[in-house]
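Got your viewer open? Let's take a walk through this structure together, one selection at a time.

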Amino acid sequence: MVTTERSRVLQKDLPHSLQDELAKVHIQPNKVWLCTDTDLNLSGNYEQVWLAVSDDALAVLAEPKQAGQPAVRHFISRDEIQEVRVRQGVGGGFLETIVDDIVVVVLAFSNVKADIFHKVAGKLEQWMHKQAIEVDASDDADPRHCPKCGLTLQFKGDVCRRCVNRGAVLLRVLKLMRPYADKAAIMMVLVLIGAGISLIPQQLVRLLINKVLAPEQASNPPLDLATAKHWLMGLVGALLLTHIIGSLNNLGVLRLNSYVGTQITYDMRKRVFDRLMQLSIDYFDRYNVGQLISRVQGDTEQMKGFVQQLTTGFFQQIIMVLAVGTILFIMSWQLALVTLLPAPLVVAGSIWFWKRVYPRYYKVWDSNSKLAGVLNTILSGMRVVKAFAQESREINRFDRSNSYVRNSFRTVEYTVAKFNPTIGFIFQLGGLLVWFIGGIWVLQGRQITAAGGKAPLNLGDLISFLGYLWMFYQPLTQLTQLTNWLTGFLTATHRTFEILDTPIQIAESDKPISVPDMKGHITFENVTFGYDRHQPILKNISFEIKPGERIGVVGKSGSGKTTIINLLSRFYDIDHGRIAIDGVDIREMSKTDLRGQIGVVLQEPFLFRGTIYDNLTYGLADTTPEDVIAATKAANAHDFIMRQPLGYDTYIGERGAGLSGGERQRISIARAILYNPKILILDEATSSVDTESEKLIQDALLRITKGRTTIAIAHRLSTLKNSDRIFVVNRGEIIESGTHDELMTLQGTYHKLVKIQTELSGNVDSLQANVK
Amino acid sequence: MTAKMNETHEDNGAPHLDPTTPRYLTPEIARIHLGSRNALHVTVLNDRIYGGVYAAYIFPVRQPRKFVSLRYKNAKGEEIEVGIIWNLEEWPQTDRALVEEALHRHYFVHTITHIHHIGWKYGFIAFDVQTDKGPAQFLMRWQHDRAHDYGRGGKVLLDVDENRYLIPDLGTLSDKEREEFLRYVYW
């Protein structure tokens with residue numbers, strides 16, 4: 001046992017009362033090398049239960065709850081244990097041992113403790129086999145929890161939502177605007193000018209009434225008709241000019257707004273997509289495509305909204321409230337105070353309303369994304385729908401989602417429909433109040449205190465005041481939505497930044513080792529890996545493949561065959577151990593060199609929408625037509641391509657629609673030939689094609705595997721007859737390895753599989769004979 | 001808790017369990033009892049004694065009192081089904097209690113009885129609830145796959161650690177609790 005710095009998780013201090021109990025079963029507390037606690041007892045209820053392990057035995061203890069109840073619940077000596085394992089329950093799991101062919105459930109744990117007890121099981125497995133075990137602070141490292149706050153992350157390397165700096169989000173958005181700072185500044189100046197211009201008309205109206213239309217009530221001398229007409233023309237002309245300048249200003253604001261808004265959205269979308277291209281396959285396993293599309297398309301669109309808010313939105317409204325409010329107080333502070341009477345009601349009502357309606361907007365957003373998801377699923381699976389004649393069922397399913405969208409929209413819009421007239425009514429009340437009080441003051445000729453000193457309130461002042469009143473209330477209502485809009489904007493932006501902040505798990509090494517001319521010597525050394533939190537798919541496997549060797553891999557579904565090739569291509573990084581090609585750890589190798597020299601032919605080859613030629617030369621810019629023809633000839637693909645109406649320029653649909661499975665596969669093989677990889681991976685390359693196609697593909701594969709290190713996964717064992725060696729994988733371990741003859745002699749799992757397939761094949765033969 | 005390991009025919013001469021055919025256990029052909037070291041055992045007539053057995057619902061939501069699978073894990077780590085209890089009510093009280101206890105052990109689920117508060121925290125939905133196991137606070141990701149339907153009116157919530165919280169029927173919550181819950185988990 002080697003121990004350095006203590007582990008906080010696996011080397012806890014056992015309570016003193018239990019230390020005495022431990023000593024009673026002859027485990028000296030100072031000899032305990034592993035001590036940790038679980039949160040459940042074996043009845044499935046919360047209770048702190050301890051596991052203490054010494055060199056010779058393990059014990060499970062808990063504080064007795066009743067008198068006479070033993071503290072030690074299990075005591076098992078190491079020599080008795082045949083196996084240690086974890087069994088997953090629902091919401092938790094169990095640590096089990098097998099002792100003298102007897103299953104002993106040692107303890108139970110909730111999912112909070114699952115990671116710990118999977119680690120404990122691994123340590124106990126080594127302990128049982130009397131191997132050296134290291135327990136130290138490095139065992140506390142847990143990539144699935146935030147190192148800062150301990151919050152469980154969705155996957156290794158995920159961004160901790162608790163620790164992400166929210167305040168910095170706005171700052172980051174503003175930073176994005178930096179390249180357009182000049183245009184943004186011009187925009188803001190134009191907004192200020194626009195606000196100033198919008199204040200002018202009411203002053204002109206005031207002048208029109210007091211000077212031209214009703215000069216007597218303002219104690220102004222009446223004008224003769226000719227002078228009055230000149231004044232009228234002059235004032236209307238000024239109003240026209242104001243409107244023209246206002247419109248031109250507005251045009252400038254909107255154009256700049258659109259330019260900056262769309263450009264920032266473009267930049268953001270580009271950044272997000274670039275990041276997605278860099279993220280590992282693991283990330284795409286965790287998020288569904290619909291969600292990511294929504295982030296790239298919808299959430300980035302929020303950036304445009306932000307720019308709009310800065311100009312025609314909240315920024316403008318704040319300016320308007322301040323400017324109009326100032327004018328109102330300058331005109332008459334008494335009336336301005338009357339104006340403010342309904343304001344608290346409007347603000348309070350708006351806050352209350354938005355608090356209620358805002359979650360419903362989420363529902364609208366959710367219903368839309370759900371509808372898109374349903375549509376995506378139905379349209380993608382149209383063949384299955386038609387094959388099972390389930391059109392009416394799918395119509396109903398779509399209808400349900402469609403209804404959900406309709407209803408969620410209605411809920412929001414009905415609520416808004418209730419709110420807007422109510423707020424409008426309150427405004428009207430405010431207006432009526434000003435009309436009433438102002439009207440009386442006009443009739444009484446009451447002196448009001450304005451900026452120019454005391455003067456009687458006249459009709460022009462009142463009409464102009466009322467005009468400003470609406471300009472004051474409207475932005476005030478919209479400003480009450482600022483918090484809600486900001487929350488929505490920050491949420492969407494946060495989702496976008498989450499992608500940008502997600503660490504690239506399969507990152508290029510700081511000093512990548514270049515291996516431009518790979519030989520194809522592969523070594524797996526004690527490799528352990530699992531896709532999910534608690535389930536290792538590959539368990540400590542080791543093997544070596546020599547350059548040019550052809551390896552067949554067989555095993556049940558889920559045994560870990562495909563995982564081996566996923567790891568070799570470095571789609572995922574291993575949890576423990578080392579994978580090397582030509583002696584270089586693939587984590588240290590340049591990713592371009594690694595993936596550029598590994599060719600993969602999958603069971604379901606993915607072809608893009610485009611011509612056959614484009615698909616064949618995907619990622620191969622320098623390929624010549626001669627190379628392409630040579631490759632398709634070798635892949636037995638040339639002839640069927642030539643039967644297409646436009647030969648190599650035939651346009652094929654999404655996922656290769658229009659071609660048979662065998663034809664798609666042969667294109668995929670031709671692509672692999674063009675790629676000229678040093679290591680070729682064939683993952684069930686012939687399992688989904690008919691016998692005739694299989695023969696053509698097998699012939700093609702035989703040609704291209706010559707001289708290349710080849711790993712072929714196959715269920716049909718006959719396809720592996722040319723392999724130099726065959727690995728039999730079971731439950732994440734290589735249980736048999738050797739040539740076909742060696743494995744047949746071994747009479748193990750491979751022999752059994754061959755026997756089953758031979759019998760099946762015999763049955764088919766006899767069936768065919770009977771049919772004939 | 002311990003149990004004698006069960007192996008297939010090749011391992012110990014016991015009759016081979018055909019994995020392709022369901023075997024329904026009834027009180028007439030089987031007994032459920034505790035064996036050595038209080039492990040759950042199942043004795044099947046004309047067959048053998050199975051130990052280290054655990055119980056799992058086949059239809060946990062649709063028919064929790066029916067279709068209970070009794071299973072064990074063999075030395076190879078493979079899960080073997082000893083048989084299916086079609087209707088738990090048909091079994092004697094003692095057998096039934098043992099199966100129920102085994103089910104309780106297998107499913108570590110908190111049943112929510114009251115909701116004190118739901119709010120936003122770090123972009124998660126933060127629940128403060130009362131459960132059958134005591135008061136609990138937990139964080140849930142605001143994603144559809146974190147809250148599943150449970151029967152006609154219930155929901156199962158999965159927190160960030162994948163612990164399960166069950167509301168068997170939203171109708172049993174007060175109007176205020178239900179409204180608060182549906183404001184966040186409306187699907």
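## Stop 1: where the chains meet

Start by colouring the two chains differently and look at where they touch: 46 residues of chain A are in contact with 36 residues of chain B. Keep in mind that you're looking at a predicted model. Together, the two chains bury about 3800 Å² between them, and 52% of that is on carbon and sulfur atoms.

Now select Arg87(A), Val90(A) and Arg161(A). In chain A, these three lose the most area to chain B, and together they account for 16% of what that side buries.

How many salt bridges does the rule find across the interface of chain A and chain B? The count is 0. Polar contacts do turn up, though: the rule finds 8 residue pairs across this interface, both partners at pLDDT 80 or more.

Which parts of chain A do the touching? Highlight strand 5 (81–88), strand 6 (92–99), strand 7 (102–110) and helix 10, since each of them supplies at least two residues of the side facing chain B. Helix 10 of chain A gives the largest share, 6 residues.

## Stop 2: a threonine in strand 6

Stay with strand 6 of chain A and pick Thr97(A), which is found there. Is Thr97(A) buried or exposed? Its relative accessibility is 1%, so Thr97(A) counts as buried. The cut-off to remember is that buried means under 20%.

Show what surrounds it. Leaving out residues up to four places away in sequence, Thr97(A) touches Ile76(A), Ile81(A), Glu83(A), Val84(A), Ile102(A), Val103(A), Val104(A) and Val106(A). Then try your distance tool: Thr97(A) and Leu107(A) are 10 residues apart along the chain, and their C-alpha atoms are separated by 9.9 Å.

## Stop 3: the nonpolar cores

Next, select Val324(A), Val434(A) and Tyr468(A). They have the most contacts inside the largest nonpolar core, which has 40 residues. The elements giving two or more residues to this core are helix 4 (181–213), helix 8 (314–331), helix 9 (333–340), helix 10 (343–380), helix 12 (391–444) and helix 13 (459–479) of chain A. Helix 13 of chain A makes the largest contribution, with 10 residues.

Zoom in on Tyr468(A). Setting aside its neighbours within four places in sequence, Tyr468(A) is in contact with Leu199(A), Gln202(A), Gln203(A), Val324(A), Ile327(A), Leu328(A) and Met331(A).

There's a second, separate core to find too: it has 38 residues, including Val601(A), Ile641(A), Leu717(A) and Val754(A).

## Stop 4: helix 20

Now go to residues 661–675 of chain A, which make up helix 20. Does the length add up with what you'd expect of a helix? At 1.5 Å a residue, its 15 residues should span 21 Å, and the end C-alpha atoms are indeed 21 Å apart, so the two agree. Of those 15 residues, 13 are buried, so helix 20 is largely enclosed by the rest of the structure. Right after helix 20 comes Asn676(A), and its phi is positive, near 50°.

## Stop 5: zoom out

Finish with each chain as a whole. Chain A has 23 helices and 21 strands, and 47% of its 772 residues count as buried. Chain B comes to 3 helices and 14 strands, with buried residues making up 51% of its 187 residues.

Last, think about contacts between residues at least 6 apart in sequence. In chain A, 69% of these join residues at least 24 apart; in chain B, 42% do.

How values were computed
Residues numbered from 1 in each chain as written. Chains lettered and ligands numbered in written order. Predicted model: local features only at pLDDT ≥ 70, side-chain atom pairs only at ≥ 80, totals over all residues. Heavy atoms only, no water. Core = buried A, V, L, I, M, F, W, Y, C linked by side-chain atoms within 4.5 Å. Buried < 20%, exposed > 50% of the residue type's maximum accessible area, 1.4 Å probe, protein only. Helix = DSSP H or I, 4+ residues; strand = E, 2+ residues; numbered from the N terminus. Contact = heavy atoms within 4.5 Å. Expected span 1.5 Å × (residues − 1). Buried area = accessible area lost by both parts, 1.4 Å probe. Salt bridge = Lys/Arg side-chain N within 4 Å of Asp/Glu carboxyl O. Polar contact = N/O pair within 3.5 Å; in protein donor to acceptor, adjacent residues only side chain to side chain.
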